[in-house]
Amino acid sequence: MQRDISHYFDWAATSPADEDIVKQALETSLEVFANPSSQHSEGAKARKLLETARENAAQVMGVNANTLFFTSGGTESNHIALLSVLSRPQQKGSIIISAIEHPAIREQANALKNCGWEVISVLPDKNGIVSAKNVTEKIKDDTALVCFMAVNNETGAIQPIYEIADAITQACKGKRKPKFHVDCVQGAGKIEINLAHKGIDSASFSAHKICGPRGIGLLYLANEITPFMRGGGQEKGVRSGTENIFGAIAFSQCLERYWISSKNTAALERLGKQREYTKDFIQKLAGLPFCSIIPENRTDDTLEENFSPWVLQASFENIPGQVMVRALDAKGFYISTGSACSASKQSRPILEAMNVRSDLRQNAVRFSFGVHTTKESMNELFSAVKEIGETFNQ
């Protein structure tokens, strides 16, 4: 069945899977069906497929294969890094996160409060970007972990993860340095990511954000950790549970196709085009008297490199976010108010942390784009938004 995804603008929630990759991976996993941990020859075939997928992913991402661990998705990858603090043979300490983290980090960090850990939140500036200086000012002698996302899932703000990594390293010279974990779920296949940068200790990834299947993720670990969750010892004990051969194969192939690097000219060209499309879309929206771009400084061309062109937040006067979502849905356009994980909640903690006015927060929606988004489809989206906005603001 042919899919029509031309009017799908909720790529930050999930992406339509690449049919050729998913079908090929499924066929392979049906043929080689054994448990990779089994000692017989069929198990060995499955193990070889798994390790080949890991090696291919590592080559694309520019890291050693022994630093990558397959998980069930971005949330679990984040949790493995976060919960590893519970295995530390020391008294409770502190964890630092940004105030704009995805619920996968924010909610789990808050749960750790019940275990006696102090959770320190760092506020962003009005553009939704956290400075390295503000991070290091929060570090204590007992800080065990610092968690920040690479790209914000609602505003598209790119966080200065390399500056933060360097600042943490510099600030902790001569004493124990806290681990630095980066949530790269919205960054993979969208911006360039350098996992080899010194000071980045771990990073999380999810396949369904880059046209892969759901239920498969990756965790990058620069060095070994002691996991809190234990089991059969798969993935070197970091993530126990029977391995997902189908998902691993598909994810590695999606990374080969979409990972942004100088070696992937097609991906770089697509990134450049999307920057042009989004810039034009922002200019058109900003020209509507009832529309506010969030953050407002995103209309400044000099700040373009500070934002992912794949995610955009805007607010429309007299139109609550959920109403705009439904109105566009009725016209065959699909967007969201923010993270799908929090779609049923009225609060907007990311926008609150940015000190966005309450009326703008209530009316805010997220447009997110992907590799199959075209300039024509974005023009059609703008026309639909303009028509709805004019109807509500006559």
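Is N318 buried, exposed or partly exposed? N318 is partly exposed, because its relative accessible area is 46%, and the class runs between buried (under 20% relative accessible area) and exposed (over 50%), with a 1.4 Å probe and protein chains only.

This is a predicted model, in which local features need pLDDT of at least 70, side-chain atom pairs count only at pLDDT 80 or more, and totals for chains, interfaces and linings use all residues. Residues are numbered from 1 along each chain as its sequence is written, and side-chain values use heavy atoms, with hydrogens and water left out.

**Backbone exceptions**

Most residues other than glycine have a negative phi, and most peptide bonds are trans. N318 has a positive phi of about 70° and is not a glycine. N318 sits in the loop between β9 and α9 (321-330); helices (H or I, at least four residues) and strands (E, at least two) are DSSP runs, numbered from the N terminus. C211, which is also not a glycine, has a positive phi near 70°. The loop that holds C211 runs between β6 and β7. A cis peptide bond, with omega of about -5°, joins I294 and P295. P295 belongs to the loop between β8 (291-294) and β9 (311-316).

**Four buried residues**

The table lists residues that count as buried.

| Residue | Place | Relative accessible area |
|---|---|---|
| C211 | loop between β6 and β7 | 2% |
| D18 | segment before α1 | 5% |
| E243 | loop between β7 and α7 | 10% |
| S29 | helix α1 | 14% |

D18 touches C211, R257, Y258 and H372, not counting residues up to four places away in sequence; contact means heavy atoms within 4.5 Å. In helix α1, a polar atom of the side chain of S29 lies 2.8 Å from the backbone oxygen of L26.

With residues up to four places away in sequence left out, E243 touches N35, P36, S37, R47, L50, Q234 and E235. With R47, the side chain of E243 makes a side-chain to side-chain polar contact at 3.2 Å. A polar contact is a pair of N or O atoms within 3.5 Å; within protein, one must be able to donate a hydrogen and the other to accept it, and residues adjacent in sequence count only if both atoms are side-chain atoms. E243 and G189 are 54 residues apart in sequence, and their C-alpha atoms are 24 Å apart in space.

**Helix α7**

Helix α7 has 14 residues, and from its first C-alpha to its last it reaches 20 Å, close to the 20 Å expected at 1.5 Å a residue. The expected span is 1.5 Å times one less than the number of residues. At the start of α7, a side-chain oxygen of N244 comes to within 3.4 Å of the backbone nitrogen of F246.

Because ten of the 14 residues of α7 are buried, the helix is largely enclosed by the rest of the structure. Among the buried residues are I245, F251, L255 and Y258. The cover over the buried residues of α7 includes helices α1 (19-31), α2 and α8 (265-286), together with strands β1 (68-71), β6 (202-206) and β7 (217-221).

**A pocket and a cavity**

The second largest pocket holds about 310 Å³ of space. It is lined by 15 residues, and the closest to its centre are Q59, V60, W259, S261 and K263. On a 1 Å grid over the protein atoms alone, a pocket is an open set of points with protein on both sides within 12 Å along at least five of seven lines, a cavity is a set of points where a 1.4 Å probe fits but cannot get out, and lining residues have an atom within 4 Å of a point. Grid points are joined across faces, edges and corners, and a volume is the space filled by probe spheres set on the points.

Helices α2 (41-61) and α7 (245-258) each supply at least two residues of this pocket's lining. The largest share, three residues, comes from α2. The lining of the second largest pocket divides into seven nonpolar, five polar and three charged residues. Here Ala, Val, Leu, Ile, Met, Phe, Trp, Tyr, Cys and Pro count as nonpolar, Asp, Glu, Lys and Arg as charged, and the others, Gly among them, as polar.

The structure holds one cavity of 30 Å³ or more. The largest cavity has a volume of about 50 Å³. Its lining includes C211 and Y258, two residues that D18 touches. Also in the lining of the largest cavity are W11, S15, G189 and K190, among others. This lining divides into five nonpolar, three polar and two charged residues.
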